[in-house]
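The following exchange examines how labels for surface, charge and secondary structure are assigned. Each answer sets a value against its definition.

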Amino acid sequence: MQPQTDVFSLHSYLNSSIPSPYPSNFPISTPFPTNGQNPYPLYGFQSPTYNPQSMSLSSNNSTSDEAEEQQTDNNIINERKQRRMISNRESARRSRMRKQRHLDELWSQVMWLRIENHQLLDKLNNLSESHEKVLQENAQLKEETSELKQVISDMQIQSPFSCFRDDIIPIE
């Protein structure tokens with residue numbers, strides 16, 4: 001049985017300064033088949049590839065290349081941070097504008113409701129006054145009706161035509 005290569009053994013081979021916890025003849029199986037394809041296609045990871053030519057570079061070149069790569073990475077990260085910060089500021093500005101518009105709309109609605117409330121109170125006061133006048137007028141008419149019935153009753157009693165007394169106006 002031939003040992004299978006995987007990420008761990010390639011990593012330990014490429015980074016020979018870190019000793020591998022496994023013996024070199026220890027077979028390590030991968031959870032996915034490695035038929036020369038990426039064993040992690042669903043996760044977007046790249047499987048490390050062994051390139052003997054890249055191992056032959058001098059340590060000075062790799063150090064300066066690494067420093068340049070790190071500087072480039074830092075520049076990209078700083079650029080992303082700057083863009084994100086600008087985007088966040090713009091988003092916050094839009095949010096403040098939406099909040100102000102909403103506040104203005106609510107305030108105009110409050111003013112409109114106050115005006116409508118004032119108009120309804122005026123209308124209620126006018127109707128109350130009218131109702132009070134109608135009640136007074138109704139009481140006055142009832143009083144006049146009672147007085148007129150009394151007058152008619154008195155007239156019927158004093159009338160010389162006694163046969164018409166009960167038939168003319170019934171007294172309640």
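Q: What makes R80, K81, R83 and R84 a positive surface patch?
A: R80, K81, R83 and R84 form a positive surface patch. Lys and Arg count as positive, Asp and Glu as negative, while His and the chain ends are not counted. A patch takes residues with over 30% relative accessible area and no salt bridge, joining like charges within 9 Å and nonpolar side chains (Val, Leu, Ile, Met, Phe, Trp, Tyr) within 5 Å. The charge is placed at NZ of Lys, CZ of Arg, CG of Asp or CD of Glu. R80 lies in helix 3, residues 59-158.

Q: How do you know what kind of model this is?
A: This is a predicted model, in which local features need pLDDT of at least 70 and side-chain atom pairs count only at pLDDT 80 or more, whereas totals for chains, interfaces and linings use all residues. Residues are numbered from 1 along each chain as its sequence is written, and side-chain values use heavy atoms, with hydrogens and water left out.

Q: Why is E66 called exposed?
A: Exposed means over 50% relative accessible area, buried under 20%, and partly exposed in between (1.4 Å probe, protein chains only). E66 has 53% relative accessibility and therefore counts as exposed. E66 is located in helix 3 and belongs to a negative surface patch with D65, E68, E69 and D73.

Q: Why is V110 called partly exposed?
A: The relative accessibility of V110 is 31%, so V110 counts as partly exposed. V110, also in helix 3, makes a nonpolar surface patch of about 280 Å² with W107 and M111.

Q: What makes the contact between E90 and R93 a salt bridge?
A: A salt bridge requires a side-chain nitrogen of Lys or Arg within 4 Å of a carboxyl oxygen of Asp or Glu. The N to O distance for E90 and R93 is 2.4 Å, and their side chains meet in a salt bridge. E90 also forms a salt bridge with R94, at 3.9 Å between the closest N and O atoms. E90, R93 and R94 are thus linked in a network of salt bridges.

Q: Why are E90 and R94 said to be separated by about one helical turn?
A: E90 and R94 are four residues apart in helix 3, which means a separation of about one helical turn.

Q: What makes up the secondary structure of the protein chain?
A: Helices are DSSP runs of H or I with at least four residues, strands runs of E with at least two, numbered from the N terminus. The protein chain has four helices and zero strands.

How values were computed
Accessible areas come from the Shrake-Rupley method with a 1.4 Å probe; for residues, only the protein chains shown count as cover.
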